[in-house]
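Q: Could you show me how to read aromatic contacts and pockets in a model, taking each feature in general and then in this case?

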Amino acid sequence: MHVYFPIPVLAAHTAFIGQYWHKITDKTFTGIYHANFFDLAMMVPYFIVLFVLAVYGLHRYWLVYDYYAYAKNVPGPPPEVTSWPRVTIQLPIFNERYVIERLVEAISRFDYPRELLDVQVLDDSTDETQQVASSVVDHFAAQGLPISFIHRNNRAGYKAGALENGLKTSRGEFVAIFDADFIPDPDFLRRTIPYFQDPKIGMAQARWTYLNRDYSLLTQVETILLDGHFVVEHGARSRRGAFFNFNGTAGVWRRQAIDDAGGWQHDTLTEDTDLSYRAQLHGWKFLYLPDIECVSELPIDMNGFKAQQARWAKGLMQTAKKILPKVFASDAPFFVKAEAFFHLTANISYPLMVLLSTMLLPAMIVRFYQGWIQMLVIDLPLFLASTCSISSFYLVAQREIHAKTWWRTFLYMPFVMATGIGISVRNAQAVLEAIAGKKSEFTRTPKYKIEGKHDTFVSKKYRNKAGWMPYAEVLLGVYFAVTVVYAVVNENYATVPFLLLFVWGYLYTGFMSLGQSYFARLRFDVNASEMRPAASGAPGF
């Protein structure tokens, strides 16, 4: 079917484009504008922020390059095992009443020799989960599973403390760790343990998959985010030979590697990344096994998702302060040190993003009087370096996993970028707290056993409170809506798509947080309870 436009309509469109092009190339007032103190005070930090964000954006391109350049450096099939070693399986839980039974049942289906297993349910719960977990352990112990229930009345060290406490009575040469929201396949140990016949291997990490990825727009965004981490980041670092981290779950440690590195420590919120770097600095090699998958459950409420992302952001910055001096002082190759720096400091982009948000409108006004050509030559390339790298990064990951349907990811990329902008306020606060040395308790991501679209979380416990942060996000959304109006009035159409990402991102995260929190509290009388972290190590956007 062909659509024909009348000649007057085409002429009008041509005239409009001509007028717009004349406006941006008009040199009538060239040389009249002179920068004053206010303009310089605004533009200098503006360009510094843009430049730093662009550098981290270019690093994403570098990861994609390493991923393909070292594609041959992947683990081959391991040698056949002649004698299987003893393995301790640690299941750290805290107030996980909805998912603990599912986890233990999955462990009971392991096809590993039962006489070589040592299963520990490490329970720090303060609610009825203690009784539920104890009953589940008794049930499977009666069926012959070598499982024990270890409950602590004090929660010193949180998850790291629970894992360290379990090691005191463990008997395994190797330690497999699964958080409560994971469902490992029966052959998990038989596929991972053979790789440890290389005595230099200290840890093997499997790739996460998600049973509720299609639950909502939010879980689709989370899937794309985490796939980028597990496919491109882990893939590039492991293939190149750089340091990468254990993700807190769905992995196996050699017990000796944990001990050599100094054991679990809880002075950061990402104890898994901290131990990973200490072990690799001690000479242990890590393996990433992307073909071995472990199913998990994604957070389905906005407050839980933001709490998870903020914990990762703060924990990685704390780890950077603790570990980077040791990395720089080591004899590791330069590329290893550089990659460690970008990995552990990447979340500095969140406070920079918030700072950029507050400067965009005045910067737009100043740049308008400086001329459009400068904006196209300077501002646009910096924006593209810092934003388009996000799209390419996650598109590559989806293409590697879903070769036939990866193109659908294009539809979600605006939402991925907008959500990353939306959570920047919460994450910026977390990063600045880490830089300032402010300590905080672990904030666990609650799980509700949401396995399909028919499941709901509104009547369940373990909800996060919204706090004041969503109001700040909504205000920023309104601020950017005003900025969009300004851009349209001044015919600055090229900036409108970028500005709309800010509008959507801040309003979406803000209103979702408020809606999910207050709707549940008013209608279902659901109260927030103490939270502890889920697995960590996956940087944000």
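What follows is a dialogue on aromatic pairs, charges over rings and the largest pocket in this predicted model.

Q: How many aromatic pairs are counted here, and what is the geometry of tyrosine 67 and tyrosine 68?

A: Two rings are taken as a pair when their centres lie within 6.5 Å, and planes over 60 degrees apart make the pair edge-to-face. By this rule there are 25 aromatic pairs. Tyrosine 67 and tyrosine 68 have ring centres 5.2 Å apart and planes at 80°, and therefore this pair is edge-to-face.

Q: Are tyrosine 67 and tyrosine 68 buried or exposed?

A: The reading rests on relative accessible area, with buried meaning under 20% and exposed over 50%. Tyrosine 67, at 5%, is buried, whereas tyrosine 68, at 42%, is partly exposed.

Q: Which parts of the chain does the pair of tryptophan 208 and phenylalanine 230 link?

A: This aromatic pair is tilted, with 4.8 Å from centre to centre and 40° between the planes. It links distant parts of the chain, since tryptophan 208 lies in strand S6 (residues 201-210) and phenylalanine 230 in helix H7 (residues 217-240), 22 residues apart. Tryptophan 208 counts as buried at 5% relative accessibility, and phenylalanine 230 is buried with a relative accessible area of 0%.

Q: Which rings have the charged end of an arginine over them?

A: For arginine, the reading asks that CZ be within 6 Å of the ring centre and within 35 degrees of the ring normal. The charged end of arginine 239 sits over the ring of tyrosine 67, 3.9 Å from the ring centre, and that of arginine 190 sits over the ring of tryptophan 84, 4.9 Å from the ring centre.

Q: What is the volume of the largest pocket, and which residues are closest to its centre?

A: A pocket can be read by its volume and then by its lining. The largest pocket has a volume of about 830 Å³, and of the 35 residues that line it, Ser238, Arg239, Phe244, Phe286 and Tyr288 are the closest to its centre. Phe244, Phe286 and Tyr288 also belong to one aromatic cluster, which includes Phe246, Trp253 and Trp264 as well.

Q: Which elements give two or more residues to that lining, and what is its make-up by class?

A: The elements giving two or more residues to the lining of the largest pocket are H7, helix H9 (271-281), strand S8 (285-296) and helix H13 (372-401). S8 gives the most, with 8 residues. By class, the lining holds 21 nonpolar, 7 polar and 7 charged residues.

How values were computed. Residues are numbered from 1 along each chain as its sequence is written. This is a predicted model: local features need pLDDT of at least 70, side-chain atom pairs count only at pLDDT 80 or more; totals for chains, interfaces and linings use all residues. Side-chain values use heavy atoms; hydrogens and water are left out. Rings of Phe, Tyr and Trp (its six-membered ring) pair if their centres lie within 6.5 Å; planes under 30 degrees apart count as stacked, over 60 as edge-to-face and the rest as tilted. Buried means under 20% relative accessible area, exposed over 50%, partly exposed in between (1.4 Å probe, protein chains only). Helices (H or I, at least four residues) and strands (E, at least two) are DSSP runs, numbered from the N terminus. On a 1 Å grid over the protein atoms alone, a cavity is a set of points where a 1.4 Å probe fits but cannot get out, and a pocket is an open set with protein on both sides within 12 Å along at least five of seven lines; lining residues have an atom within 4 Å of a point. Grid points are joined across faces, edges and corners, and a volume is the space filled by probe spheres set on the points. Ala, Val, Leu, Ile, Met, Phe, Trp, Tyr, Cys and Pro count as nonpolar, Asp, Glu, Lys and Arg as charged, and the others, Gly among them, as polar.
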